[in-house]
Amino acid sequence: MSSNRAVILLSGGLDSLVSLAEAVNKGVSVSLALTFDYGQRAVADEINAAREICKIYNIEHKVIKLPFLAEISNSALNKTECNLEFDALDKESMKAVWVPNRNGLFLNIAASFCDAEGYDCIIIGANKEEAGTFSDNSKKFCNIADEFFKYSTLNGVKVLTPLIELEKYEIINLALHLRVNLGILKSCYNAQGVLPGQNHCGVCESCKRLKAAILKSKNRDLIKLFF
């Protein structure tokens, strides 16, 4: 995994935070973090979390605004009036929060920075669990991006996926092993949570995954940090 310089896609959530920690642990020099504003309701929380993470890891942070993506998206993530509570995590819940070509777009924008400024690779928090419902989190997707960048970038940018073989609870366990400060992350799709004193709503797709992962992890008491 070790490389000279990397750009990370940093949403401020669990996967991007632990991907960063693991990449640094493996000797990758992460120089730039990109957080995307595509009109999602939790954008302020995501930017604030990403900014704090970058301070800890001493990484340059840029926010990339994509207003057109908000205009064309029918995702519940972009609609303040939509209910983001789901009974099950399946193909239907995936479709409700799908943003058109989001990860493909993010990777291509990051690749432009790499190509222009001489970075070698892009870190993305793709993982085994979400790959089960989100095709743009899969190993196949990331491998195809690798091939694509051989032609679209002069320096043959690589995609690094530190968590690609891990389920969510294993990501939590890795964070514990690396002594990551999980209290700084923000994984909730609902801005500002829904209850006073609560920083995660506990009912959206992302919160349900986080809650289930913690309860299956080596430290169930982490639940108190978020819910």
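**Lys158, helix H8 and the open sheet**

Trainee: Which residues is Lys158 in contact with, leaving aside its neighbours within four places in sequence?

Mentor: Lys158 is in contact with Asp120, Cys121, Ile122, Asp146 and Lys150. Contact means heavy atoms within 4.5 Å. This is a predicted model, in which local features need pLDDT of at least 70 and side-chain atom pairs count only at pLDDT 80 or more, while totals for chains, interfaces and linings use all residues. Residues are numbered from 1 along each chain as its sequence is written, and side-chain values use heavy atoms, with hydrogens and water left out.

Trainee: Why is Lys158 called partly exposed?

Mentor: Its relative accessible area is 39%. Buried means under 20% and exposed over 50%, with partly exposed in between (1.4 Å probe, protein chains only), so the value for Lys158 falls in the middle class. Of the 227 residues of the protein chain, 54% count as buried.

Trainee: Where does Lys158 lie?

Mentor: Lys158 lies in strand E5. Helices (H or I, at least four residues) and strands (E, at least two) are DSSP runs, numbered from the N terminus. The protein chain comes to 10 helices and 5 strands.

Trainee: What makes E5 an edge strand?

Mentor: The open sheet has 5 strands in the order E3-E2-E1-E4-E5, with parallel pairing. Strand E3 (60–65) and strand E5 (158–160) each pair on one side only, and these are the edge strands. Neighbouring strands of this sheet are turned by 25° against each other on average, direction ignored.

Trainee: How do you know that E2 and E3 pair?

Mentor: Two strands pair if DSSP finds at least two bridges between them. Strand E2 (residues 30–37) is joined to E3 by 6 bridges, so the condition is met. Within that parallel arrangement, Leu32 stands opposite Glu60 in E3.

Trainee: Which helices do the buried residues of H8 pack against?

Mentor: They pack against helix H1 (14–25), helix H6 (128–131) and helix H9 (205–216). The buried residues of H8 (residues 168–177) are Lys168, Ile171, Ile172, Asn173, Leu174 and Ala175. Just after H8, Arg179 takes a positive phi of about 60°.

Trainee: Why is H1 called oblique to H8?

Mentor: Their axes come within 10 Å and cross at roughly 45°. Axes are lines fitted to C-alpha atoms, for helices over the stretch in contact, and angles run from 0 to 180 degrees between N-to-C directions. Angles under 35 degrees count as roughly parallel, over 145 as roughly antiparallel, 65 to 115 as roughly perpendicular and the rest as oblique. The crossing angle therefore makes H1 oblique to H8.

Trainee: What is the hand of the crossing of H8 and H9?

Mentor: The crossing of H8 and H9 is right-handed, whereas H1 passes H8 in a left-handed crossing. A crossing is left-handed if the near helix is turned anticlockwise from the far one by less than a right angle, and right-handed if clockwise. The axes of H8 and H9 come within 8 Å and cross at roughly 65°.

Trainee: Which residues make the contact of H8 with H9, and how do they divide?

Mentor: The contact is made by Lys168, Tyr169 and Ile172 of H8 and Arg209, Leu210, Ala213, Ile214 and Lys216 of H9. They divide into 5 nonpolar, no polar and 3 charged. Ala, Val, Leu, Ile, Met, Phe, Trp, Tyr, Cys and Pro count as nonpolar, Asp, Glu, Lys and Arg as charged, and the others, Gly among them, as polar. Tyr169 therefore counts as nonpolar.
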